[in-house]
Amino acid sequence: MIISGNHFVLAVCILCLGVWCCGQADNTEASASASAAAPMEKAEQAALYSAIQGFVGNWWNGSDLYPDPCGWTPIQGVSCDIIGGLWYITALSIGPVHDNSLACDTNVEFRPQLFQLKHLKSLSFFSCFISSSRRHQFTIPGDNWEKLAGNLVSLEFRSNPGLIGQIPTSFGYLKKLQSLVLLENGLTGEIPTSIGNLTNLNRLVLAGNRFTGKIPDSFGMLKELLILDLSRNSLSGHLPLGVGGLTSLLKLDLSNNRLKGKLFADVACLKNLTLLDLRHNKFSGGLSQHVLDMFSLEELMLSSNPLGGDIMSLDWQSLQNLVVLDLTSTGLIGEIPESLSELKRLRYLSLGNNNLTGNLPPKLASLPDLNALYLNGNNLTGVLQFSQVFYGKMGKRFGAWNNPNLCYPVGSMTTTNAPYGVKPCQRGVTLLEPNSTAKLGDDGNLKNNTNSHFIASSGFPSYGTHRPRQLILVDIFITVLLLLHLFL
């Protein structure tokens with residue numbers, strides 16, 4: 001019998017598939033038999049049941065509900081590994097992460113058995129301490145954390161408004177920690193300097209609490225940090241000098257605090273930053289040229305800081321990766337630089353509530369990804385020269401209100417797409433030149449127009465303009481008739 005080439009290839013593939021399936025089955029059976037053969041240390045199992053019962057309530061009977069927590073009766077939120085031929089708990093998550101997760105009772109308890117799970121690598125509590133009643137508020141225990149120092153790499157307390165008190169200084173023993181997240185709890189007091197001992201940290205998030213005082217100088221030792229988020233607290237004072245040495249940082253969020261000082265003197269060396277969020281603080285010192293060296297920046301948010309300075313002093317096109325630029329309420333002066341229109345990845349630009357002057361660069365409309373532009377609350381002048389298509393695309397995401405001397409051309413767009421809060425220009429009116437001292441009043445009429453280049457079509461003489469000879473003769477003729485009428 002002659003077998004064609006195609007049939008031969010098909011036969012080989014079927015044979016290989018069969019061999020692979022058998023191998024997989026053998027591996028699965030071997031894995032299953034290994035799992036079945038590996039017992040769980042009795043002390044470990046008892047410690048697990050007691051630790052969980054402390055959080056979910058005494059009604060929870062782990063030995064009946066989950067007799068084999070690392071085998072055929074797994075517990076949601078519990079992970080195990082075989083170490084030295086025995087099952088040990090390596091991850092414990094308490095709280096309603098999933099529908100069948102372990103939900104906390106009103107009266108929770110950190111039992112000592114929690115700290116007997118010596119192989120724990122990850123420990124997290126989500127929405128576990130939620131009562132606002134003083135009777136049901138809890139603090140993080142200050143003792144026994146050193147017992148978990150051998151393996152714990154991740155510790156998280158998220159969304160626990162009933163968790164109060166200070167961060168235990170004993171957290172400083174957990175030197176293998178790579179992630180410490182204390183997010184949106186009710187924690188207070190100063191951040192302990194012992195956090196600086198956690199030199200393996202990649203992520204440190206202490207946002208959404210009520211921490212006070214200064215950022216510890218010891219933070220300068222956290223050289224491996226990629227993410228530092230201390231936002232939404234009441235931290236004050238200057239940034240520690242060591243922050244400038246955290247050159248691995250990718251994201252730095254210190255927003256919504258009371259921090260102060262000259263901003264870019266402290267953070268300009270962080271050239272790998274992709275996000276810098278310092279909104280709602282008291283930083284000053286203007287926009288330093290050093291910011292242009294932060295080439296990796298994608299989001300720069302500095303709003304609500306008394307920075308001051310001239311926005312024209314920077315050549316913004318150096319920041320080609322910038323996607324978000326928020327300089328709202330920063331006390332900036334000067335004209336809006338045309339170099340902003342070179343930021344081709346820019347999606348959000350907010351320069352509102354400053355003291356910016358001059359005309360608006362029409363090239364901003366050419367930014368291909370721009371979908372929000374806020375320029376409200378400045379002293380911009382002249383006629384908006386964006387297209388109707390631009391206004392239609394932006395909608396309410398274009399803000400130019402509270403610029404008294406700014407107007408839009410009436411004939412170039414429908415009232416539907418007219419920019420909100422911007423008055424229509426008077427017919428026959430061209431824009432004010434940047435060096436003009438003339439201003440449009442609230443009624444849209446020119447005020448203090450001496451030596452201006454503002455041209456009106458009302459038929460009356462305008463200063464600084466050249467009128468046709470015929471119109472000048474008409475003016476003289478009318479003047480003569482008026483004089484004759486007065487004397488006759």
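Author: A residue is called buried when its relative accessible area is under 20%, exposed when the area is over 50%, and partly exposed in between, with a 1.4 Å probe and protein chains only. The model is a predicted one, in which local features need pLDDT of at least 70 and side-chain atom pairs count only at pLDDT 80 or more, while totals for chains, interfaces and linings use all residues. Residues are numbered from 1 along each chain as its sequence is written, and side-chain values use heavy atoms, with hydrogens and water left out.

Reader: Why does Cys425 count as buried?

Author: Cys425 has a relative accessibility of 10%, and the limit for buried is under 20%, so Cys425 counts as buried. Cys407 is also buried, with a relative accessible area of 4%.

Reader: What makes Cys407 and Cys425 a disulfide?

Author: The term is given to a pair of cysteine sulfur atoms within 2.5 Å, and the sulfur atoms of Cys407 and Cys425 are 1.9 Å apart. In general, such a link is a covalent bond between the sulfur atoms of two cysteines. The angle about the S-S bond of Cys407 and Cys425 is 90°, and the link is right-handed.

Reader: Which parts of the chain does the pair of Cys407 and Cys425 tie together?

Author: Strands, like helices, are DSSP runs numbered from the N terminus, a helix being H or I with at least four residues and a strand E with at least two. Cys407 lies in strand 25 (residues 405-408) and Cys425 in the loop between strand 26 (423-424) and strand 27 (439-440), so the parts that are tied together are 18 residues apart in sequence.

Reader: Why is the disulfide of Cys70 and Cys80 called left-handed or right-handed?

Author: The torsion about the S-S bond of this pair is about -75°, so the disulfide is left-handed. Its sulfur atoms are 2.0 Å apart. Cys70 sits in the loop between helix 3 (62-65) and strand 1 (78-83), and Cys80 sits in strand 1, 10 residues apart. Both Cys70 and Cys80 are buried.

Reader: How many disulfides does the structure hold, and what is their pattern?

Author: There are 3 disulfides, and with bonded cysteines counted along the chain the pattern is 1-2, 3-4, 5-6. One of them is formed by Cys104 and Cys128, with sulfur atoms 1.7 Å apart, and this link is left-handed, with -90° about the S-S bond. Cys104 lies in the loop between strand 2 (86-94) and strand 3 (122-126), and Cys128 in the loop between strand 3 and strand 4 (138-139), so the pair ties together parts that are 24 residues apart in sequence. Cys128 is buried at a relative accessible area of 4%.

Reader: What class of accessibility does Cys269 have, and why?

Author: The relative accessibility of Cys269 is 48%, so Cys269 counts as partly exposed.

Reader: Why is the aromatic pair of Phe129 and Phe138 called stacked, edge-to-face or tilted?

Author: Rings of Phe, Tyr and Trp (its six-membered ring) pair if their centres lie within 6.5 Å, and planes under 30 degrees apart count as stacked, over 60 as edge-to-face and the rest as tilted. Phe129 and Phe138 lie 6.0 Å apart, centre to centre, with 55° between the planes, and the pair is tilted. Both residues are buried, and they belong to one aromatic cluster with Phe55, Phe110, Phe125 and Phe157.

Reader: Which residues touch the most other members of the largest nonpolar core?

Author: A nonpolar core is a set of buried Ala, Val, Leu, Ile, Met, Phe, Trp, Tyr and Cys residues joined through side-chain atoms within 4.5 Å. The largest one has 114 residues, of which Phe157, Phe171 and Trp316 touch the most other members. Helix 2 (residues 42-56) gives the most to this core, with 7 residues. If contact is taken as heavy atoms within 4.5 Å, then Phe171, leaving aside its neighbours within four places in sequence, is in contact with residues including Ile140, Trp145, Phe157 and Leu198.

Reader: Why is Gly186 called buried or exposed, and where does Gly186 lie?

Author: Gly186 has a relative accessible area of 2%, and is therefore buried. Its place is in the loop between strand 7 (179-185) and strand 8. Beyond its neighbours within four places in sequence, Gly186 is in contact with residues including Asn160, Pro161 and Asn209.

Reader: What makes strand 8 and strand 16 the edge strands of the open sheet?

Author: Two strands pair if DSSP finds at least two bridges between them, and strand 8 (188-190) and strand 16 (282-284) each pair on one side only. The sheet has 5 strands in the order 8-10-12-14-16, with parallel pairing. Within the sheet, 2 bridges join strand 10 (residues 210-213) to strand 12 (residues 234-238), and Thr212 stands opposite Ser234 in strand 12.
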